[in-house]
Amino acid sequence: ETSGYFGFRNVIDEVVVSPRYEKAEPLTQDIYMVVENGRVGFIDPMGRTVVKCEYDFIYDCVDLFCLKKDGLWGIVGKEGEEILPMVYKMIQPVDGGGAIVIDTNDRWGWYDRRKREFVAPCDYDTIVVPTLLYANMMEEYKNPRPSERLVGAKKNGKWGFVERGGRVAIPFIYDDNQYTAPFSSAYNFNDGKAIVYKNGKYGMI
């Protein structure tokens, strides 16, 4: 650190990156988050740019980066390649390799960060994060039932379930209930069953 700016030295105390950053924090052994002119980016320990300092905010998601710039979100890979363009209102990474994605028309989708594809496209009023995808390291999810791969989604005011790619698996015929939220047991399959609500009554499918 020099005059409030940060750089890097190697193990033999040689300067490898001169002090130029307003902030510098290690995220892993190979990646440092840095701030230059109020913008966030990533560099490696030798000072080589991984992601340019041109973003408002960055999530390091292990497998990729979720970035915010000028109010919009996108995703890039660890080599800086574009995966999703900077056109989304929100991208919220979720443990287990997924992400909630909301477009500028407030339509929700579910993105698989590992396979780098949408499980459910941005075509829904809201979604419920699938249990399988945010708890898939738990032992009981090592061999999931097919139903536990479904995404609970709301469209035109009604709830149903969609498969990867957005194909409707269970029609949109169910109603909102007090437990419905992005992280919820309602409209989410557990042990092969899901709580649903219709005409003022709860049931299971």
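Here are some short exercises, with worked solutions, on the predicted model shown above.

**Exercise 1. Work out which strands stand at the edges of the open sheet of 4 strands.**

Step 1. Start with the order of the strands, which is E3-E4-E5-E6, with antiparallel pairing.

Step 2. Look for strands with a single partner: these are E3 (23-26) and E6 (49-55), so each has one side left without a neighbour in the sheet.

Step 3. Now add the twist, which averages 15° from one strand to the next.

Step 4. Finally, zoom in on one pair. Strand E5 (residues 39-43) runs antiparallel to E6, and 3 bridges join them. Within this pairing, valine 40 stands opposite tyrosine 55 of E6.

**Exercise 2. Describe how E7 and E8 are connected.**

Step 1. Check the pairing: strand E7 (residues 57-60) meets E8 in the antiparallel sense, over 4 bridges.

Step 2. Pick out facing residues. Aspartate 60 is opposite phenylalanine 65, which belongs to E8.

Step 3. Look at the link. The two strands, E7 and E8, make a hairpin with 3 residues between them. In that turn, valine 62 has a positive phi of about 70°.

**Exercise 3. Find which elements build the largest nonpolar core, and follow one of its residues.**

Step 1. Recall a general tendency: in soluble globular proteins, nonpolar side chains tend to be buried together.

Step 2. Turn to this model. Its largest nonpolar core has 13 residues, and Cys66, Ile75, Tyr88, Ile91 and Tyr111 have the most contacts inside it.

Step 3. Name the contributors: strands E8 (64-69), E9 (72-77), E10 (82-94) and E11 (98-103) each give two or more residues. The largest share, 4 residues, comes from E10.

Step 4. Follow isoleucine 75. Leaving aside neighbours within four places in sequence, its contacts include Leu64, Cys66, Ile83, Ile91 and Tyr111.

**Exercise 4. Decide whether cysteine 53, cysteine 66 and threonine 126 are buried or partly exposed.**

Step 1. Use the cut-off: buried means under 20% relative accessible area.

Step 2. Cysteine 66 has a relative accessible area of 0%, so this residue is buried.

Step 3. Cysteine 53 has 24% relative accessibility and therefore counts as partly exposed. As for disulfides, the structure holds 0.

Step 4. Threonine 126, at 15% relative accessibility, counts as buried. This threonine lies in strand E14 (residues 126-128). Not counting residues up to four places away in sequence, threonine 126 touches Trp108, Ala153, Lys154 and Trp159.

Note on methods:
Residues are numbered from 1 along each chain as its sequence is written. This is a predicted model: local features need pLDDT of at least 70, side-chain atom pairs count only at pLDDT 80 or more; totals for chains, interfaces and linings use all residues. Side-chain values use heavy atoms; hydrogens and water are left out. Two strands pair if DSSP finds at least two bridges between them. Axes are lines fitted to C-alpha atoms, for helices over the stretch in contact, and angles run from 0 to 180 degrees between N-to-C directions. A nonpolar core is a set of buried Ala, Val, Leu, Ile, Met, Phe, Trp, Tyr and Cys residues joined through side-chain atoms within 4.5 Å. Buried means under 20% relative accessible area, exposed over 50%, partly exposed in between (1.4 Å probe, protein chains only). Contact means heavy atoms within 4.5 Å. A disulfide is a pair of cysteine sulfur atoms within 2.5 Å.
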